[in-house]
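The report below describes a structural model, moving from its ligand surroundings to its core and helices. The sequence and structure are shown first.

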Amino acid sequence: MAKTSKQKQSKKYLWLSLVGVAAIAAAAVFFWPKANTSNAQGVPDEQLLMGETIFKANCASCHGLTGQGHQAIKEAPALNGSEHSWHHADSQIKTLIRTGGVKMPAVGKDFSDEEIAAVMVYYKQWWGKQQRIFQEKVSKQNP
Ligand code: HEC
């Protein structure tokens, strides 16, 4: 049986809609920098969002909104990878956040493990890939 023009027409629309869906998906990936940033670490977006909220409320006053450091307290180091935040093991930083340091107060004394993990994921997004790999190794050696 020969194809009717109606069948041909519907095939054409199927192709058009597939192309349309692909174009929308490509545009979403392109215009969604937040999703890409989280992909760099392979963490869920919600964790990164939780980290952002915690960081802005508790850390940015000293370490800067983009981790540039040296704000309310000029001794507060940059956390964006330009200084040496990425040389410390996670375990050491967890203790620092909970109990404070020399000048850093114990801002996270009531934070849950989940909140600490989220805030650390948040500033690690500013590090380069090599810095993250290095710091992961240091963390494994110092559990
Ligand atoms: C009142 C200012 C202040 C606040 C608020 C603060 N910090 Fe700090 N932070 C410092 C200072 C100062 C240091 C340097 C060590 C010291 O003196 O304790 C530091 C050190 C650090 C380091 C080590 C960096 C390095 O290069 O060695 C990390 C990581 C860090 N802070 C994360 C955080 C996080 C995460 C928060 C929020 C939960 C936070 N800090 C809130 C002042 C602050």
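## Ligand shell, core and helices

Helix 4 (60–63) and helix 5 (90–99) each contribute at least two residues to the shell around the ligand, in what is a predicted model. The shell has 26 residues, of which Cys 59, Cys 62, Gly 101, Lys 103 and Met 104 come nearest to the ligand. Sorted by class, the shell is made of 15 nonpolar, eight polar and three charged residues.

The protein as a whole has seven helices and zero strands, so that, counting from the N terminus, its elements read α-α-α-α-α-α-α. Of its 143 residues, 13% count as buried. Among the contacts with a separation of 6 or more, 54% are accounted for by residues 24 or more positions apart.

Which residues make up the largest nonpolar core? The nine residues of that core are Ile 54, Phe 55, Cys 59, Cys 62, Leu 79, Ala 118, Val 119, Tyr 122 and Tyr 123. Helix 3 (45–58) and helix 6 (113–124) each supply at least two residues of this core, and the largest share, four residues, comes from helix 6. Such a grouping can be set beside a general tendency: in soluble globular proteins, nonpolar side chains tend to be buried together. Cys 59 and Cys 62 are named both in this core and among the residues that come nearest to the ligand.

The two helices that supply this core can be set out together.

| Helix | Residues | Expected span | End C-alpha distance |
|---|---|---|---|
| Helix 3 | 14 residues | 20 Å | 20 Å |
| Helix 6 | twelve residues | 16 Å | 17 Å |

For helix 3, the expected span at 1.5 Å a residue agrees with the distance between its end C-alpha atoms, and the corresponding values for helix 6 agree as well.

In helix 3, the residues Gly 51, Ile 54 and Phe 55 are buried. Seen down the axis of helix 3, the buried residues fall within an arc of 100°, and therefore they line one face of the helix. Glu 46 and Ala 57, on the other side of helix 3, are exposed. The cover over the buried residues of helix 3 includes helix 4 and helix 6. In helix 6, the buried residues are Ala 118, Val 119, Tyr 122, Tyr 123 and Lys 124.

What is Val 119 in contact with, once its neighbours within four places in sequence are left aside? Val 119 is then in contact with Gly 51, Ile 54, Phe 55 and Cys 59, and the first three of these names also appear as the buried residues of helix 3. Leu 48, which is found in helix 3, lies 7.7 Å from Val 119, C-alpha to C-alpha, although the two are 71 residues apart in sequence. Leu 48 is partly exposed, because it has 19 other C-beta atoms within 10 Å, whereas 20 or more would be needed for a residue to count as buried.

One residue outside the helices deserves a separate remark on its backbone. His 70 is found in the loop between helix 4 and helix 5, and its phi is near 55°, a positive value in a residue other than glycine. Most residues other than glycine have a negative phi. With 14 other C-beta atoms within 10 Å, His 70 is partly exposed.

Definitions and conventions:
Residues are numbered from 1 along each chain as its sequence is written. This is a predicted model: local features need pLDDT of at least 70, side-chain atom pairs count only at pLDDT 80 or more; totals for chains, interfaces and linings use all residues. A residue is near a molecule or strand if its C-beta atom, placed from the backbone, lies within 6 Å of it. Ala, Val, Leu, Ile, Met, Phe, Trp, Tyr, Cys and Pro count as nonpolar, Asp, Glu, Lys and Arg as charged, and the others, Gly among them, as polar. A nonpolar core is a set of buried Ala, Val, Leu, Ile, Met, Phe, Trp, Tyr and Cys residues joined through C-beta atoms within 7 Å. A residue is buried if 20 or more other C-beta atoms lie within 10 Å of its own, exposed if 12 or fewer, and partly exposed in between; C-beta atoms are placed from the backbone. Two residues are in contact if their C-beta atoms, placed from the backbone, lie within 7 Å. The expected span of a helix is 1.5 Å times one less than its number of residues. The arc is that of the directions from the helix axis to the C-beta atoms.
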